[in-house]
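Reader: I would like to go through this model by question and answer. Please keep it brisk.

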Amino acid sequence: MTRLAHGGLIDRGRTLSFAFDGKTFKGHPGDTLASALLANGVRLVGRSFKYHRPRGVVTAGSEEPNALVELRTGARREPNTRATTVELYDGLEAASQNRWPSLEFDALSVNRLVSPFLGAGFYYKTFMWPAAFWEKVYEPVIRRAAGLGRAADTPDPDHYEKATAFCDVLVIGSGAAGLAAALAAARSGARVILADEDFRLGGRLLSERTVINGGSALDFVASAQAELSSLPNVRLMPRTTVFGAYDGSEYGAVERVSDHLPAPLPFQVRQRLWRIVAKRCVLAAGAFDRPIVFPGNDRPGVMSALALATYATRYGAGAGANAAVFSTNDHAVAAALDAAEAGLKLDAVIDVRPALPDALAARAKALGVRLITEGEVVATSGKCLTSITVRTPRGSETLAVEALGVSGGATPNLNLTCHLGGKPVWREDIAAFVPGAVPPGMAVAGAVAGTFGLADILAEGTRLGAAAASDTGFAAAPAPAPQAESTPTGFKAFFHVKGQGTKGGPAFVDQQNDVTAKDVALAHREGFRAVELLKRYTTLGMATDQGKTSNMAGLAVMAELTGKGIPAIGTTVFRPPYTPVALGVLAGHHRGVDFKPARPTPTHAWAQAQGAVFVETGLWMRAAYFPKADEKDWLDSVNREVKATRESVGVIDVSTFGKIDLQGPDVGVLLDRVYINMFSTLAVGKARYGVMLREDGLVMDDGTTARLADDHYVMTTTTANAAKVYQHLEFCLQVLWPELDVCLASVSEQWAQIAVSGPRSREVLAKIVDGIDVSNAGLPFMGVAQGSVMGGVQARIFRLSFSGELGYEIAVPARHGAALMQALMAAGAPFGITPYGVEALGVLRIEKGHVSGNELTGQTCARDLGLGKMASTKKDYIGRVMAGRPAFTDPDRPSFVGFKPVDRSARLRAGAHFLKVGAAATTQNDEGYMTSTAFSPTLGHYIGLGLLKRGPERMGEKVRAYDPVRGGDIEVEVCSPAFIDPQGEKQRV
Amino acid sequence: MRITCPYCGARSSHEFAYLGDAAPTRPDPSAPDAAEAFHAYVYERDNPAGPMDELWYHSAGCRRWLKVTRDTRTHAITAVAFAGTGEAAR
Ligand SMILES: [Zn+2]
């Protein structure tokens, strides 16, 4: 056990039980999984990605490259979870990754022996040939050998949600700079959000023994938190990671609402995705402790010096029974001495510098910590660390330690400053990249800005917090910054241990992707020297940690090799997300049936009661067909529905058509300009079929528009294009012709519309109207009547036919739609009225030869569809000029015709391409394709519609319908698309 | 990204539909060079690096077509007005 005797921000009065790889351990509230494992002496926590090397905890934060575990079990199993950010809860279960059969004995660790083959660029070199081997051999083998954790294989049982927050000042990070900024901004009255990924506010202040405002750092954190909590204009968001900065001062964040619990509480979400709209932002994200590249630096027990200190001071956990620290800077030495004061047995501090500041040296001496100056660690040994070899100009020696804290200085955590394209800039005086151009409205404070002394950090946070508030209109009363002693910030730029005694094993640069200093050297030798090439060739920085701790080491090694210096190598660009974001929280509630909204028709419940099978058309749920018990498949049902409609009467809900109400003196002018045919001349009480083009001359949509009064029309659009056509009309009115006096309203949702079709439809309709004359004379074909039905329900009756039969569409306010359907069913019962779905609707329209979505593809012009003759020559309209292009009037263009199989028993397939009989199946010989097919119960065989080169001139000709994808290759006969009633007599009776 | 609609105020860009360059105007269809002019109107677009007037439609809001001046390099929006009339915020 390496739980220290006392101290730490853990509740030692309560004990939590947890399991790692099936073994049970104990921890305390306030622990992370990583601190609890260390406190239990568990140092080996995983195997590495490529070489399956034993690995341990390296950091105490979200930058962790190594300690990735599978958290929880079953449907809640989460792979690649950083043990350093997992809050311990009672009953937590975690498992190590990348080991087989066990963590202690990993058969695949032989990968280490063959590591020359898995070095930089191995994907590109080793497995180039033959290409067919990729899928079958190389990938499965590599995936088994090199990989991360396993995702859950059952649906996530938890809920996620999205929310938006608005504030004047967003402060990211709650360390010294963030708290100072939040206090300054909040005191001015500005709306402040303070977000921190940790479950506890305070950042590094939780781990350090410094004096602020005369008290301890922890006292300062507590009083700042108390003050901020008391202010109504402040929202504190712990457990919230701001993962991205976006255009327009928007920030993406994930709040881990329930991740610290075994399962979310009832009615609570697991995580919440926040869109934070902030007028100003103060980024106080701190800095990462920079690793040093030396042989054996990946051995479990070797970790960041600041992490080693944090585990001791904040968590009361010793990373080993005894420890040493290998450092280049005062901050790490001070932190190590804090850890020693907290009870960690710190044997030695090895610093690369010739001397340390007197105060630190004296403190070390007082604590009995040996100081080894001009020292470098050149080797380590043990499966988990047992000893280190230290080289000094005075000779070398071996120290027996279980933990080694390493610090190569501070790497500002500037990830978010790059998200809008900002490039970091090198500061030689601190040997670090700091933010260059930052996103508009963002300021950087504290270590992220390269400001390291505590007094300076507090002053900068205060100043920038007040400035941010003032920018948003809150004049901050000048408040003094919290006062602190000036902490030492001396350092030496040092990245890589080389020379004598360093042959003792690989020196890792990127532990998560198993990239070594040798790999960087190989990339250099082979010419992949530019930073973006280095990254892709070696995979350096491309793991889930995005190289937060490793990028600097890689750049430093490459800079040595090129002799050019780090700024010449440059730095890669960080992109969102800052840390991995689960897809579940990005989806929020939008999954399963809630993936998108569903639009039921007014008769949905009625259709359900009839046993309808539904189909999604866009967002709409429409009845596809209404099966009966004795029908063996859907085709039986569809054939019955079609026959009933042709022979007697059928009924279908067509409410899904787009409906647009147009009013004003200029509606006729507008319609003349958007349709190819005339509408200003349409008589009141009449409807007309219209075709509208896009400005490029291709067909946009079709539908029927009726004139209800001189200045009042109602347009129908196809179901699919309702929103598009509405937007187009608004464009015409607002942008093209703002002088036209027309008002538009979408009324698709307001009107239910039901089509009654078939020879008996008039008799059915007559029974439900309130005295409307529905005779052929009173309501002729394409006529429109307004009045009421069912004893007082407002109605519009359009005599239209999509099926080719005598037919009507009856529109009533949507709330009466279901009642209208029931009334029609009752009135039609004596005639065997039959509800039909969109499948039968499709058959009816193909039999009649009407174009539909399959033909309105955005690649067809009116002439292609046989609608060219509708175009008026007396006016201009959208698309007219471009429709006149030579290519669109080429007689060779595939044009709309019908098709019958020569062998009447053959099946037709939409998508089959047409070839001359005997012609080879080549693209050059292609003459068009089949757009729609159906089995016609009326004719007793398959029929098709399609686009055939010079089609209308080729009636009776036989062509080949070639469908290699589904093995179809049959002869078809070209015919008129109107398979039934080509003269259109039935609809006019 | 956020767009300040002159009618609705600052709203998320998710509420808007994008059309494109606001500069081209519909040519005179009766002009002798109408075919060439329409070709340019339909297909030819500049692709400036810098401020550009664009048409956006507030589809999930007031349904007004807007002319939005956006810097294509930074996405910074410097002006928004009603398209067609050019009327800015009241
Ligand atoms: Zn608006």
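**Helix packing and sheets**

Author: In this predicted model, helix H10 (residues 517–525) of chain A and helix H12 (residues 551–562) of chain A have axes that come within 10 Å and cross at roughly 45°.

Reader: Are H10(A) and H12(A) parallel, perpendicular or oblique?

Author: The axes cross at roughly 45°. Angles under 35 degrees count as roughly parallel, and 65 to 115 as roughly perpendicular. The crossing falls in neither range, so H10(A) to H12(A) is oblique.

Reader: Is the crossing of H10(A) and H12(A) left-handed or right-handed? And how do the contact residues divide into nonpolar, polar and charged?

Author: The crossing of H10(A) and H12(A) is right-handed. H10(A) brings Ala517(A), Val520(A), Ala521(A), Ala523(A) and His524(A) to the contact. H12(A) brings Gly554(A), Val557(A), Met558(A), Leu561(A) and Thr562(A). Gly counts as polar here, and the division is seven nonpolar, three polar and no charged.

Reader: Which strands are the edge strands of the open sheet E21-E22-E23 (chain A)?

Author: Three strands form this sheet in the order E21-E22-E23, with antiparallel pairing. An edge strand here pairs on one side only. That description fits strand E21 (376–381) and strand E23 (395–400) of chain A.

Reader: What is the average twist from one strand to the next in that sheet?

Author: The sheet is open and its pairing is antiparallel. From one strand to the next, the twist averages 25°.

Reader: Which residue in E22(A) does Ala379(A) stand opposite?

Author: E21(A) pairs with strand E22 (residues 387–392) of chain A in the antiparallel sense, over five bridges. Across from Ala379(A), in E22(A), stands Thr389(A).

Reader: Why is one side of E31 and of E32 of chain A left without a neighbour in the sheet?

Author: The open sheet has the order E31-E33-E32 (chain A), with mixed pairing. Strand E31 (599–600) and strand E32 (613–617) of chain A stand at its edges. One side of each lacks a neighbour because each has a single partner strand.

Reader: What angle does the direction of helix H21 of chain A make with that of E33(A)?

Author: E32(A) and strand E33 (residues 620–625) of chain A run antiparallel, joined by five bridges. Phe614(A) stands opposite Ala623(A) in E33(A). Helix H21 (residues 838–848) of chain A packs on this sheet and touches E32 and E33 of chain A. Its direction relative to that of E33(A) is about 70°.

Reader: What are the ipTM and pTM of the model, and what is the mean pLDDT of chain B?

Author: In chain B, 97% of residues reach a pLDDT of 70 or more. The model scores ipTM 0.97 and pTM 0.90. The mean pLDDT of chain B is 93.

Conventions:
Residues are numbered from 1 along each chain as its sequence is written. Chains are lettered from A and ligands numbered from 1 in the order in which they are written. This is a predicted model: local features need pLDDT of at least 70, side-chain atom pairs count only at pLDDT 80 or more; totals for chains, interfaces and linings use all residues. Side-chain values use heavy atoms; hydrogens and water are left out. Axes are lines fitted to C-alpha atoms, for helices over the stretch in contact, and angles run from 0 to 180 degrees between N-to-C directions. Helices (H or I, at least four residues) and strands (E, at least two) are DSSP runs, numbered from the N terminus. Angles under 35 degrees count as roughly parallel, over 145 as roughly antiparallel, 65 to 115 as roughly perpendicular and the rest as oblique. A crossing is left-handed if the near helix is turned anticlockwise from the far one by less than a right angle, and right-handed if clockwise. Contact means heavy atoms within 4.5 Å. Two strands pair if DSSP finds at least two bridges between them. pLDDT is the predictor's confidence in each residue, from 0 to 100.
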